Amino acid sequence: MSDRRPSPFKTLLDGDVATLIQAAPDVYQVRFKNRAANAYVVIGSKRTVMIDVGLSSNYPHLLTCLKHIGITPERIDMVVLSHEHLDHIGAAYHFEGRTYIAAHRLAANKIMLRDDFSMLRKMFNEPNVPINIDVWLEEGNVIDLGNFRLDVLYTPGHTSACMTLFDAEKGLLFAADTLMPGGVMGGVFGSGSIADYIQSLEKLKKLNSKILLSGHGRLSDTPQEDVRIAIQRSHALLSDTAQLFDALDARSNFEPIMQSVRDLNKLDD
């Protein structure tokens, strides 16, 4: 039996593939039940944005969830992609021509050049179609929705191109794969770095966040505890990695020693 307390967040729709959950007034999570990342809808007084979109194959289920809250794709003013992995961006091409698509400039470069290795195309087997990025974002940019103001934070570590969106007034932290409930880490891929991960988590630690809206898993109303655990785990991972490299280095130094022994033995021939 789980010790976790009941979720304070209301489930509005529970389908075979996707669940629609209200995170806060006018803020919704579309949580997919397969390998796709979560998608988020923020309905502002001036503009509506979607943060991440999941896999292309989930698009019909995404539309079902949007319809439930009275949103059509044409009503979404901007799709913001947290980083380049296809489980987060696969369905983005469905929105082209209807809305602006935005990403951090480093992610935008990888996506538009169709860097399949960085995007993990083989892992997710997504259609090989172009995704164009209209808006290249940087640390310090603000996405103004009227009654929501989403600050763009550059938070590399999972990849070199990860960004987090934060509404300081409401305490909403859209952290994608940089921070997850329970302090779970999203892993370090390709261009990522454990050291960058730690620095990004330290940045998130300083925020007065109240709700964590992450790339995978449930919503969390304990983001401060989540980031504390994540920092602890990332330091442990850094230590483990150092030990691994030390072991590999020792192994590489072993061969010259053995060669010296073989050379000495030849002296007796």
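Two strands count as paired if DSSP finds at least two bridges between them. Helices (H or I, at least four residues) and strands (E, at least two) are DSSP runs, numbered from the N terminus.

1. Basis. This is a predicted model, in which local features need pLDDT of at least 70, side-chain atom pairs count only at pLDDT 80 or more, and totals for chains, interfaces and linings use all residues. Residues are numbered from 1 along each chain as its sequence is written, and side-chain values use heavy atoms, with hydrogens and water left out.

2. Overall content. The chain holds seven helices and 13 strands. Of its 269 residues, 48% are buried (buried means under 20% relative accessible area, exposed over 50%, partly exposed in between; 1.4 Å probe, protein chains only). The accessible surface is about 13,300 Å², and carbon and sulfur atoms contribute 54% of that (Shrake-Rupley method with a 1.4 Å probe; for residues, only the protein chains shown count as cover). Among contacts with a separation of 6 or more, 61% come from residues 24 or more positions apart; contact means heavy atoms within 4.5 Å.

3. The five-stranded sheet. Strands β9-β10-β11-β12-β13, in that order, make an open sheet with mixed pairing. At its edges stand β9 (142-144) and β13 (211-214), each paired on one side only. From one strand to the next the twist averages 20°; axes here are lines fitted to C-alpha atoms, for helices over the stretch in contact, and angles run from 0 to 180 degrees between N-to-C directions. Strand β12 (residues 172-176) pairs with β13 in the parallel sense, over four bridges. Within that pairing, leucine 172 is opposite isoleucine 211 of β13. Helix α6 (residues 194-205) packs on this sheet and touches β10 (149-154), β11 (163-167) and β12. The direction of α6 makes about 150° with that of β10.

4. Leucine 172. What surrounds this residue of strand β12? Leucine 172 is buried, with a relative accessible area of 2%. Neighbours within four places in sequence aside, its contacts are Ala24, Val27, Phe148, Leu165, Phe166, Asp167, Ile211 and Leu213. Leucine 212 is 40 residues away from leucine 172 in sequence, while the C-alpha to C-alpha distance between them is 6.4 Å.

5. The eight-stranded sheet. This sheet is also open, with the order β1-β2-β3-β4-β5-β6-β7-β8 and mixed pairing. Strands β1 and β8 (135-137) are at the edges with a single partner strand each, so one side of each is left without a neighbour in the sheet. Neighbouring strands are turned by 20° against each other on average, direction ignored. Helix α3 (residues 105-112) lies across β6 (78-81), β7 (100-104) and β8, and runs at about 115° to β7.

6. Strand β4. All five of the five residues of β4 are buried, so the strand is largely enclosed by the rest of the structure. Ala39, Val41 and Ile43 point one way from β4, and Tyr40 and Val42 point the other way. On one flank, β3 and β4 run antiparallel and are joined by four bridges. The bridge partner of tyrosine 28 is valine 41, and that of valine 30 is alanine 39. A hairpin of six residues connects β3 to β4. Strands β4 and β5 also pair in the antiparallel sense over four bridges, with valine 42 opposite valine 49 of β5. The hairpin from β4 to β5 passes through four residues.

7. Helix α1. In α1 (residues 59-68), the buried residues include Tyr59, Leu62, Cys65 and Leu66. Seen down the axis of α1, its buried residues fall within an arc of 115°, so they line one face of the helix; the arc is that of the directions from the helix axis to the C-beta atoms. An α-helix has 3.6 residues a turn, so residues three or four places apart point the same way. The cover over the buried residues of α1 includes β1 (10-14), β2 (18-24), β3 (27-32), β4 (39-43) and β5 (48-51). Just after α1, glycine 70 takes a positive phi of about 75°.

8. Cysteines. How many disulfides are there? The count is zero, where a disulfide is a pair of cysteine sulfur atoms within 2.5 Å. Cysteine 65 is buried, with a relative accessible area of 1%. Cysteine 162 is buried, with a relative accessible area of 1%.
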